[in-house]
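Subject: Structure for your review

Dear colleague,

Please find below the structure I wished to pass on to you, together with its sequence. My notes on it come after.

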Amino acid sequence: MAIYFSEVFKQQRKAKDLTQEQVAEIFHVSPQAISRWENGATYPDIEILPSIAAYFNITVDELLGVDKIKDKERIEEIIKEVTDKWNSGH
């Protein structure tokens with residue numbers, strides 16, 4: 001399962017017009033940690049996720065991109081259904 005944290009986090013940070021250094025101060029981590037989060041090299045500790053989500057006024061599900069995951073799974077289901085019908089002559 002893909003995790004979209006890095007892109008959601010980066011979008012939220014930029015939407016608030018914050019630098020990586022400013023966000024690092026807010027969450028008491030190093031600027032290098034923020035960079036690694038945004039590059040998908042590492043993820044924040046699970047205990048900090050609710051604080052990050054609250055700061056950006058989104059849910060943890062939104063922060064992790066759960067909607068994107070569900071959308072991707074639904075698209076894959078539809079493609080399989082259409083392919084199956086096509087192959088069976090419908």
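The notes below go from the overall fold to helix packing, aromatic rings and some individual residues.

Please bear in mind throughout that this is a predicted model.

Overall composition

The chain contains six helices and zero strands. Its pattern along the sequence therefore reads α-α-α-α-α-α, with runs assigned by DSSP and numbered from the N terminus. Of the 90 residues in the chain, 28% are buried. As for the range of the contacts, 58% of those between residues at least 6 apart in sequence join residues that are at least 24 apart.

Helix packing

Two packed helices are described by the angle between their axes and the distance between the axes. I looked at two such packings, both of which involve helix 3.

In the first, helix 2 (residues 20-27) and helix 3 (residues 31-39) have axes that come within 8 Å and cross at roughly 110°. Angles of 65 to 115 degrees count as roughly perpendicular, and helix 2 and helix 3 are therefore roughly perpendicular to each other. On the side of helix 2, the residues in this contact are Q20, E21, V23 and A24, and they meet P31, I34, S35 and E38 of helix 3. Sorted by class, the contact of helix 2 with helix 3 comprises four nonpolar, two polar and two charged residues.

In the second, helix 1 and helix 3 pack with their axes 6 Å apart, at an angle of about 120°. That angle makes helix 1 oblique to helix 3. Here F5, S6, F9, K10 and R13 of helix 1 meet I34, W37 and E38 of helix 3. The class count for the contact of helix 1 with helix 3 is four nonpolar, one polar and three charged residues. I34 and E38 of helix 3 thus appear in the contact with helix 2 and also in the contact with helix 1.

Aromatic rings

A pair of aromatic rings is described by the distance of the centres and the angle of the planes. With ring centres within 6.5 Å taken as the criterion, the count comes to seven aromatic pairs. The rings of F9 and W37 have centres 5.5 Å apart and planes at 80°, so this pair is edge-to-face. F9 lies in helix 1 (residues 5-15) and W37 in helix 3, so that the pair links distant parts of the chain, 28 residues apart. F9 is buried, at 0% relative accessibility, and W37 is buried too, with a relative accessible area of 5%.

F27 and Y55 also form an edge-to-face pair, with 5.6 Å from centre to centre and 80° between the planes. This pair likewise links distant parts of the chain: F27 belongs to helix 2 and Y55 to helix 4 (residues 49-55), 28 residues apart. F27 counts as buried at 8% relative accessibility, whereas Y55 is partly exposed, with a relative accessible area of 30%.

Ring pairs join F5, F9, F27, W37, Y43, Y55 and F56 into a cluster. Y55 has a further partner: K16 lies over the face of its ring, at 5.0 Å from the ring centre.

Backbone and individual residues

Most residues other than glycine have a negative phi, and most peptide bonds are trans. Two residues are worth listing here. H28, which is not a glycine, has a positive phi near 60°. H28 is placed in the loop between helix 2 and helix 3, and it counts as exposed at 73% relative accessibility. N57 is likewise not a glycine and has a positive phi of about 60°. N57 is found in the loop between helix 4 and helix 5 (60-64), and it is exposed, with a relative accessible area of 70%.

Lastly, E7 is situated in helix 1 and counts as partly exposed at 35% relative accessibility. E7 and G40 are 33 residues apart in sequence, and their C-alpha atoms are 8.3 Å apart in space.

With kind regards

Conventions. Residues are numbered from 1 along each chain as its sequence is written. This is a predicted model: local features need pLDDT of at least 70, side-chain atom pairs count only at pLDDT 80 or more; totals for chains, interfaces and linings use all residues. Side-chain values use heavy atoms; hydrogens and water are left out. Axes are lines fitted to C-alpha atoms, for helices over the stretch in contact, and angles run from 0 to 180 degrees between N-to-C directions. Helices (H or I, at least four residues) and strands (E, at least two) are DSSP runs, numbered from the N terminus. Angles under 35 degrees count as roughly parallel, over 145 as roughly antiparallel, 65 to 115 as roughly perpendicular and the rest as oblique. Contact means heavy atoms within 4.5 Å. Ala, Val, Leu, Ile, Met, Phe, Trp, Tyr, Cys and Pro count as nonpolar, Asp, Glu, Lys and Arg as charged, and the others, Gly among them, as polar. Rings of Phe, Tyr and Trp (its six-membered ring) pair if their centres lie within 6.5 Å; planes under 30 degrees apart count as stacked, over 60 as edge-to-face and the rest as tilted. Buried means under 20% relative accessible area, exposed over 50%, partly exposed in between (1.4 Å probe, protein chains only). A charge sits over a ring if NZ of Lys or CZ of Arg is within 6 Å of the ring centre and within 35 degrees of the ring normal.
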